[in-house]
Amino acid sequence: MKAAIFQQAHQPLTLEDVQQQAPAADEVLVRTVCSGVCHSDMHFVDGAWEMPLPTVLGHEAAGVVESVGADVSYVKPGDHVIMSFRPFCGRCYYCLRGEPHLCNDPNLDARAASRLSWNGGPVLQFANVGSFAESMVTTESGVVKIPDEMPMAEAALIGCGVMTGVGAALYTAQVPGGAVTAVVGCGGIGLNVIQGCEIAGASQIIAVDVVPGKLDMATRFGATHTVNAAETDPVAAVQELTGGAGVEYAFEAIGNTDAARQVFDMVRAGGTAVIVGMMPMNSEISVPGPAFLQEKKLIGSMYGSTRFREHMPKLVDMFLQGRLNLSGLVSERMPLEKVNDAFDLMRSGKVARSVLDINPI
Ligand SMILES: [Zn+2]
Ligand SMILES: [Zn+2]
């Protein structure tokens, strides 16, 4: 099957013929229909993060089950699925306490490193998915079944950006109705944190970015106020918009340590700062120690703290009811061959998401 291979940082991906193992007894083979191109993919291409190479990137995808192993009962050939980039073992400490998104079973990662080969050597499936490819093999726990009427580009986005962003508000922070909130960074993740706060019923959603076009998008996704951090100090602006108090919940959705400090400074006493963005490798975040006497909380969020099979179908339902904006996130669509152009578009800051149409149905 054809796959875009990432061989070296700062170099374009190349389209190659890759060998793929047939699914094992507890695995499924999924024909990739759509894959989003996410910032996390680009962090590796741009050298901010490192991984074993060569790798097939892509981790935000939807497809159709082509075949299943003998022990698989959750899906059958023909089922439409969203790929989860955190397959879970179902047996470990995290799985048993209802936090499958934190499952760190090393066996799953080992399998993701051994299913593909090219040029006589192994190729890694990034994040257990590797969706810049015509097909993907994953464990039964790595897919979430969705109804056939769900459009595939929109479904793909639930696989990373939407679940991560909406989930950060609904499930990590558990934003209550009427909450006073701010979101720093209005890209693919930040827009979804904004709509998560809106779904939660926040009374104030202050969007912060340095690109005016992204602030316009933020307003369309539910922001009640916008702050251009290129023109004004965002912490002071947020304080002014909240009568000097600061917000109850602030979200960092870039992966930038300065922005992390800003969200901490934006929350009022007792408030919660949530780091959603992927911070650079080896980075550190510094915050003032005495602020903890005000019971300020600084917390992380992984994959929106999702329990995949419960939460992803709920997001699908909300989309089908017209209460979750997914189509507005899809800025560009292109074939797999154009994946490098998708990265260029992302670097330009002009798109929320590019979606690759790999095997259109
Ligand atoms: Zn992602
Ligand atoms: Zn587990």
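**Exercise 1. Is Asn 192 buried or exposed, and what is its relative accessible area?**

Some ground rules come first. This is a predicted model, in which local features need pLDDT of at least 70, side-chain atom pairs count only at pLDDT 80 or more, and totals for chains, interfaces and linings use all residues. Residues are numbered from 1 along each chain as its sequence is written, chains are lettered from A and ligands numbered from 1 in the order in which they are written, and side-chain values use heavy atoms, with hydrogens and water left out.

*Solution.*
- Step 1: place the residue. Asn 192 sits in helix α5, residues 188-200. Helices are DSSP runs of H or I with at least four residues, strands are runs of E with at least two, and both are numbered from the N terminus.
- Step 2: read the accessibility. Asn 192 has a relative accessible area of 2%, so the residue is buried. The term means under 20% relative accessible area; exposed means over 50%, and partly exposed lies in between (1.4 Å probe, protein chains only).
- Step 3: list the contacts. Setting aside neighbours within four places in sequence, Asn 192 contacts Gly 161, Val 162, Gly 165, Val 166 and Leu 329. Contact means heavy atoms within 4.5 Å.

**Exercise 2. Locate Glu 154 and describe its surroundings.**

*Solution.*
- Step 1: Glu 154 belongs to helix α4, residues 152-172.
- Step 2: its relative accessibility is 11%, so Glu 154 counts as buried.
- Step 3: not counting residues up to four places away in sequence, Glu 154 touches Phe 319, Leu 326 and Ser 327.
- Step 4: the C-alpha atoms of Glu 154 and Gly 328 are 9.3 Å apart, with their positions 174 residues apart along the chain.

**Exercise 3. Which residues are the protein donors of the zinc ion (ligand 1)?**

*Solution.*
- Step 1: the donors are Cys 38 (SG), His 59 (NE2) and Cys 160 (SG), 2.0 to 2.2 Å from the ion. Donors are N, O and S atoms within 2.8 Å of the metal (3.2 Å for Na, K and Ca); water is not among the atoms, so sites may look incomplete.
- Step 2: the spacing reads C-x20-H-x100-C.
- Step 3: Cys 38 is in the loop between β4 (27-37) and α1 (39-45), and Cys 160 is in helix α4, so this pair ties together parts 122 residues apart in sequence.
- Step 4: Cys 38 and Cys 160 are both buried.

**Exercise 4. What is the geometry of the site of the zinc ion (ligand 2)?**

*Solution.*
- Step 1: Cys 89, Cys 92, Cys 95 and Cys 103 each give an SG donor, 2.3 to 2.4 Å from the zinc ion (ligand 2).
- Step 2: the angles among the four donor atoms are 105 to 115°, and the site is tetrahedral. Four donors earn that label if all angles lie between 85 and 135 degrees.
- Step 3: the donor residues are spaced C-x2-C-x2-C-x7-C.

Notes
Tetrahedral: all angles 85-135°; square planar, octahedral: opposite > 155°, others 65-115°.
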